[in-house]
Amino acid sequence: MKVLSLGGAGFIGSHLTARLLQEGHTVTVVDQENDKIQEWLSLDRLKVVKEDIRRPDWGLVELVQDANVVIDLIAYANPSLYIKMPMEVFRLNFNENLKIAEACVKLKKRLIQFSTCEVYGKTPASFLNGYLANPGDSMHATFSEDTTNLIMGPVGKHRWIYASAKQLLERVLHAYGLEGHLNYTIIRPFNFIGPKIDYLPSEKEGIPRVFSNFLQALMNGSPMYLVDGGHHQRAYTFIDDAVDCIMRIIENRDAVCEKQIFNIGSPANEISVRELAVKMRDIYKRRWWDGVSPLPEIVNISAKDFYGVGYDDSDRRIPDITKATMLLGWRPRLNLDDTIENSMEYWFERQEHEIPLKDAALR
Ligand SMILES: NC(=O)c1ccc[n+]([C@@H]2O[C@H](COP(=O)([O-])OP(=O)(O)OC[C@H]3O[C@@H](n4cnc5c(N)ncnc54)[C@H](O)[C@@H]3O)[C@@H](O)[C@H]2O)c1
């Protein structure tokens, strides 16, 4: 198969590119970077177009024309950017992504669009707390693709521009599908972690996602900041499990993925952000600590001090993966402890061998 992967050198994209190549497919990657796919660059079946898709007339239509399937992973996916430059997030995550969808409509190509679990927003329990018999029941935080309502915070909490842009894009794809003009599949990832997540040590784009943020603190010996006490809960998914599911979606046996939305996540791997910090520090202490330097402190900080005005968050989110299990026969395999430890291992080994994955150095 000829796959066009936009954002195919990012965290998820680089793992997917590797898997596609290993399974014999031909891949064209469009990305501003290529350092996460360096080991594959000499392969004939991989073409890399190092490009900023915001540049006008950069050649999208020709590449879409040449592909059997188009995968769109391009987005700003870093919460600090939603606060610092919300319009840029909207322009890239909606306007530029829409152009990709429209090229697929025009050229009748299948589109696999990466959205986000953030489209679900907050749980009903977050505001109906006093009215629910068991607000802590996981059923109030388990989100299903086709039935769960999507609950965003107020407009003034501009963090929601990321989720809103993704949600609007999903609605446009659905509408194109209703008109019979687009064969699409939407993926909603739930907190994937693993090797190559973000760029560490990070020198640009502000504060990376929570897992990378803690990792960076452990690598530098700096404090691990818990925003608003770290009460929020997340379900973490190891990247290899996620890629197994994405590959089944690409394969699309019996066309089961047409016009479908899929949650990809590990419902059993739920943990609060505070517990995550403690667990990561314990793993660090056991595996990589020199026994002499002080262990990083876990420090509370307000969201306003950490991110700035306009921050808000999903309190809890657990994927309902019934659809992926029923239609694709997929289930995640890695438990929470191994998911976290395997993801940390990659970075500490790089640090031990002094191989930073730094985008700043590559620009
Ligand atoms: N990782 C997760 O757990 C997660 C969760 C929810 C949603 N998602 C979504 O999945 C997708 C991939 O996420 P990721 O974690 O791999 O993020 P990532 O930031 O690692 O990957 C995005 C890639 O897009 C590229 N890119 C950004 N702007 C570009 C531009 N203007 N032109 C060309 N390339 C550009 C980046 O260089 C990067 O390689 C995103 O759409 C994200 O919103 C990911």
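This section describes the predicted model in terms of its confidence, the surroundings of its ligand and the setting of several individual residues.

The structure is a predicted model, and the chain averages a pLDDT of 94, with 96% of the residues scoring at least 70. Among the elements of the chain, strand 4 (residues 69-72) has the highest mean pLDDT, at 99, whereas helix 5 (residues 125-128) has the lowest, at 88. Over residues 359-363 the pLDDT stays under 50, and for this stretch the model has eight contacts beyond four places in sequence.

The ligand is surrounded by 26 residues, of which Phe11, Asp31, Tyr162, Lys166 and Phe192 are the closest. By class, this shell is made up of 13 nonpolar, six polar and seven charged residues. Side chains approach the ligand through polar atoms at several points: an N or O atom in the side chain of Asp31 lies 2.6 Å from an oxygen atom of the ligand, and an N or O atom in the side chain of Tyr162 lies 2.7 Å from a ligand oxygen. A nitrogen atom of the ligand, in turn, is 2.9 Å from an N or O atom in the side chain of Asp52. Taken alone the ligand exposes 820 Å², and the protein buries 92% of that area. The elements that give two or more residues to the shell are helix 1 (11-22) and helix 6 (161-178).

Two of the residues closest to the ligand, Tyr162 and Lys166, are also in contact with Thr116, which in addition contacts Ile187, Arg188 and Pro189 when neighbours within four places in sequence are left aside. Thr116 lies in the loop between strand 5 (110-114) and helix 5, and its side chain reaches the backbone nitrogen of Glu118 at 2.9 Å. With a relative accessible area of 4%, Thr116 falls under the 20% limit and therefore counts as buried.

A second threonine, Thr339, is placed in helix 12 (residues 336-352). Its relative accessible area is 0%, so that Thr339 is classed as buried. The side chain of Thr339 reaches the backbone oxygen of Asn335 at 2.8 Å. Not counting residues up to four places away in sequence, Thr339 touches Ile193, Tyr236, Thr237, Phe238, Asn269 and Leu334.

Leu215, which is located in helix 7 (residues 210-220), is likewise buried, because its relative accessibility is 0%. Once neighbours within four places in sequence are set aside, the contacts of Leu215 are Leu200, Met280, Met344, Trp347 and Phe348; of these, Met344, Trp347 and Phe348 carry numbers that fall within helix 12 (residues 336-352). Between Leu215 and Asp305, which are 90 residues apart in sequence, the distance from C-alpha to C-alpha is 20 Å.

Positive phi values were also found in residues other than glycine. Asn191, in the loop between strand 7 (184-189) and strand 8 (192-193), has a positive phi of about 40° although it is not a glycine. Asp254 likewise has a positive phi, near 55°, and is found in the loop between helix 8 (239-251) and strand 12 (260-264). The relative accessibility of Asp254 is 72%, over the 50% limit, and the residue therefore counts as exposed.

How values were computed:
Residues numbered from 1 in each chain as written. Predicted model: local features only at pLDDT ≥ 70, side-chain atom pairs only at ≥ 80, totals over all residues. Heavy atoms only, no water. Near = heavy atom within 4 Å. Polar contact = N/O pair within 3.5 Å; in protein donor to acceptor, adjacent residues only side chain to side chain. Areas by Shrake-Rupley, 256 points an atom, 1.4 Å probe, with all protein chains shown as cover. Helix = DSSP H or I, 4+ residues; strand = E, 2+ residues; numbered from the N terminus. Nonpolar A, V, L, I, M, F, W, Y, C, P; charged D, E, K, R; others polar. pLDDT = per-residue confidence, 0-100. Contact = heavy atoms within 4.5 Å. Buried < 20%, exposed > 50% of the residue type's maximum accessible area, 1.4 Å probe, protein only.
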